[in-house]
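I sat down with this one and a fresh notebook page. Here is what I looked up, in the order I went through it.

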Amino acid sequence: MGGKAGFRRECGVLLYIAAIYGNTNIRKDADMLTGLYAKNFAIIDEIEVEFGEHLNVISGETGAGKSVIIGTINAALGGKVTKDIIRAGADAALVELTFRVGAGVLPEGLEEQGLSVEDGELTLSRKITAGGKNIFRLNGETVSASVVKELAAGLIDIHGQHEHQSLLKKSKHLEMLDRFAGEELTGKKGRMAELYRSWRALRDELENARIDEDKRLRELSFLQYELNEIEQARLIPGEEEELRAEHKRLSNRNLICEALDKVYQLTGGDGDCAAEQIGYAMRSLGRVEEYGEELAGLYHSLGQIEELLHDFNRELTDYIESSGGEEERFAQVEERLDLVNRMTSRYGATVEAVLSHAEECRATIEKYENYDEYVAGLERRCRKAEEELSGLARQASEIRHKKAAELTSLLTEALRDLNFLDVKLELHFEQLESFTALGTDDVEFLISTNPGEPLQPLAKIASGGELSRIMLALKSVFSGKDEIESMIFDEIDVGVSGRTAQLVSEKMARIASERQLLCITHLPQIAAMADSHFIIEKTTDGLTTRADIRRLSRDGEIGEIARMLGGVEITDKVLESAAEMKAMADRKKEELFRQGNQ
C-alpha cells in the first residue's frame, strides 16, 4: 500500500466506492430497524441510536456493555426481563424500537382494533416499572405482550451466542430441513398433522373399545340403568333456575302475605287509607275546579292518580286471593327440586350436563348393542386414516430427501467459503417405527471437517468456533428464503480468528448486501466490513457506571479497527494496517455488489 501515502490514495476513492455500494439490492420498502431508544435500562442511562442499511457493527472493549444493546432490543420485542434490569435509582426503564415497514406487516386482526402503520413507520415500546408492571405500546396504542411477540417474529431475527448450541440437538435438524423445504412441504405437513390427530383418536378409541363380553354386558346394563333414570326424570333445560326462584318465593310466602296485607290496609282497606284520602281530595278540588284552568288541570291529574290507585288495589287483591293454598305447590316444587339436585349430583353439574350425559349413554349403548359392527367400523376407519397418513408421510419424505440434497449442497459451498476446505456434510435419514405429526422421518446432520475422517454427528466433532461458522452458513443459506429482512448476530464470531475470520466477514457482508444486519463483534475483519459502525463505551464517576453508544466517523472506524488489531498501544503502523483493512473491505463489498447484480 505504501504506508501513509497509500492510505491517502485509498481514502481518495472511498466516496466512489461508497456511492457504488450505496446502489444496493435491498428493496426500498424492505422492513428494517431504523432506531433504538433506551432509558434507565441496566447500565444505560439514556441512549438513542439510528441504524442504517446493510451491515451495522457494534464493538467495544470487553465488558463495555455490548450485549446490553441486544438486551434492550429483546426486551422491546417481548423478551423476559427482571426487575433489577431497571437502572439503580430509577422508577422505570423504557425501551423503544422504530422500524421502517411495508404494507401488510401487522398480524391479522390488529387493524380491526384500530391499530395501523402510518407513513411506513412502526414504533414498539416497553415500559418496565419497579413494581413489576410491563406496558407495551404499538405506535402509541397499548397492546399485549403476545401481540408484540407475534409482530416481532416477522420483523427481526435475533441470533445469540447460545443459539448455535441448537445445532447439537438432533430434534432441531428436521425443523431446519422443513424450513428450507418451505411451501412445497407446508401444505402436506398441515394435512399430515391434522390426519395424525384423527388417526390417534381413532386408535385410542379402538383400543378402549376392545373389551371382553362379560365386561361389555355389565357396562351395557349399567348404562341402560343410568339412561332410564334420567329419562324418567323428564328434565327440562332451564327448569332448575325457575324451580329455585319459585322455591325461594314460596319459602317466604308468609312474609310476603304479611307485607301485602299491610300494603292493602294502607292503600285500599277500610278506614283512613290512601284511597279514602284521595277521595276526600277529589271532592274538595271538584268544588273549585271550575274557577280556573290550573285548578281543572290539578283536578284531572288527581283523578288519574285515583284511577291508578284503584287499578293497583284490584291487582293487589287478585294476587292475595290467588296466593292462598300454596302449601301443595310448595311441596311439589320441593319434590321436583330434590329430584333435579339428585340428577345433577350424579350425572352432571347442570340439567344440560345431565341431558348431555344421557346422549352419551345412548351413543355408547348403541355401540355395545351393535358391538361387532362398531369395532369393525372403527378398524376400517383406522386403516383408511393410516393408509392416507402413510401416503402423506412418503410424499413428505420424498420432498425432504430432495431438499436435503439441495440444502447440504448449498451448506457445503457456504462452509467452504468459511474455511471448511475439506468438509463433507450430509443429512442422514432414518425411518421411525411409528407415525408422528411430522411423518416418519428422523434426520440428523453428519459432518466431516478433515480428509479421511468419517461422517459423525455435530456434537461429536464440532468446536464452538466451528458451530458458529456452521450456524452462519445456515443463516446465509436461509437468508435467501426468509422474509425477515433484519438480522442480529450477537458475537457469532466466537472462536474464530485468522483467515477464517476474514472469510466469516465476507460471508456476513454478502448477507448484508441483501438485508439489514446488526452484529456485535470483537473481530477487526468484521468491523472493517461495517457500513455503519457503532462503539459502546463504559464510563464511571466512581459512584455510578454508564454505557454510551455512538456512531463512528471514518477516522473513528479506522481507530477502532486499530484498537482491535493492536491492543493497548496503537502505533502509526497499526493505523495504516487498519486503514488498509478498511479499504480492502470496501473493495470486497464492491465486488459482492457486482456479483449480486450480474
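My entries below go from the overall picture to strands, a sheet, cavities and one side chain.

**Entry 1: overview.** I am working with a predicted model. I counted secondary structure first and got 20 helices and 15 strands. Of the 598 residues in the protein, 44% are buried. I then turned to contacts with a separation of 6 or more, and found that 72% of them link residues 24 or more positions apart.

**Entry 2: strand S13.** How many of the residues of strand S13 are buried? I looked up residues 516–520 and found 5 of the 5 buried, so the strand is largely enclosed by the rest of the structure. I checked the two faces separately. Gln-516, Leu-518 and Ile-520 are on one side, Leu-517 and Cys-519 are on the other, and all of them are buried, so to cover both faces I cite the pair of lists together. That pattern fits a rule I keep in mind: side chains of a regular strand alternate between the two faces of the sheet.

Next I looked for the partners of S13. Strand S3 (residues 55–60) runs parallel to S13, and 4 bridges join them. Within that pairing, Ile-58 has Ile-520 as its bridge partner. Strand S12 (residues 486–490) also pairs with S13 in the parallel sense, over 5 bridges. Here I noted Phe-489, whose bridge partner in S13 is Cys-519.

**Entry 3: a three-stranded sheet.** I moved on to an open sheet of 3 strands, with the order S9-S10-S11 and antiparallel pairing. Strand S9 (424–436) and strand S11 (456–457) are at the edges with a single partner strand each, so one side of each has no neighbour in the sheet. S9 and strand S10 (residues 439–448) run antiparallel and are joined by 9 bridges. As a marker for this pairing I wrote down His-428, which stands opposite Glu-444 in S10. H14 packs on the sheet and touches S9 and S10, with its direction at about 165° to that of S9. Helix H5 (residues 170–181) lies across S9 and S10 as well, running at about 100° to S10.

**Entry 4: cavities.** I searched the whole structure and got 2 cavities of 30 Å³ or more. The largest has a volume of about 50 Å³. Which residues line the largest cavity? I listed Leu-167, Leu-411, Leu-415, Leu-425, Phe-445, Leu-458, Ile-470 and Leu-474. By class that makes 8 nonpolar residues, with no polar and no charged ones. Helix H14 (371–417) and helix H16 (464–479) each give at least two residues to this lining.

The second largest cavity has a volume of about 40 Å³. Its lining is Arg-249, Arg-253, Ile-256, Cys-257, Tyr-319, Ser-323 and Glu-326. I sorted these into 3 nonpolar, 1 polar and 3 charged residues. Helix H9 (residues 253–267) provides the largest share, 3 residues.

**Entry 5: Glu-229.** Is Glu-229 buried or exposed? I found it in helix H7 (residues 213–233). Its relative accessibility is 16%, and the cut-off for buried is under 20%, so Glu-229 counts as buried. I then asked what Glu-229 touches, leaving aside neighbours within four places in sequence: the contacts are Met-343, Arg-346 and Tyr-347.

Terms used. Residues are numbered from 1 along each chain as its sequence is written. This is a predicted model: local features need pLDDT of at least 70, side-chain atom pairs count only at pLDDT 80 or more; totals for chains, interfaces and linings use all residues. Side-chain values use heavy atoms; hydrogens and water are left out. On a 1 Å grid over the protein atoms alone, a cavity is a set of points where a 1.4 Å probe fits but cannot get out, and a pocket is an open set with protein on both sides within 12 Å along at least five of seven lines; lining residues have an atom within 4 Å of a point. Grid points are joined across faces, edges and corners, and a volume is the space filled by probe spheres set on the points. Ala, Val, Leu, Ile, Met, Phe, Trp, Tyr, Cys and Pro count as nonpolar, Asp, Glu, Lys and Arg as charged, and the others, Gly among them, as polar. Two strands pair if DSSP finds at least two bridges between them. Contact means heavy atoms within 4.5 Å. Axes are lines fitted to C-alpha atoms, for helices over the stretch in contact, and angles run from 0 to 180 degrees between N-to-C directions. Buried means under 20% relative accessible area, exposed over 50%, partly exposed in between (1.4 Å probe, protein chains only).
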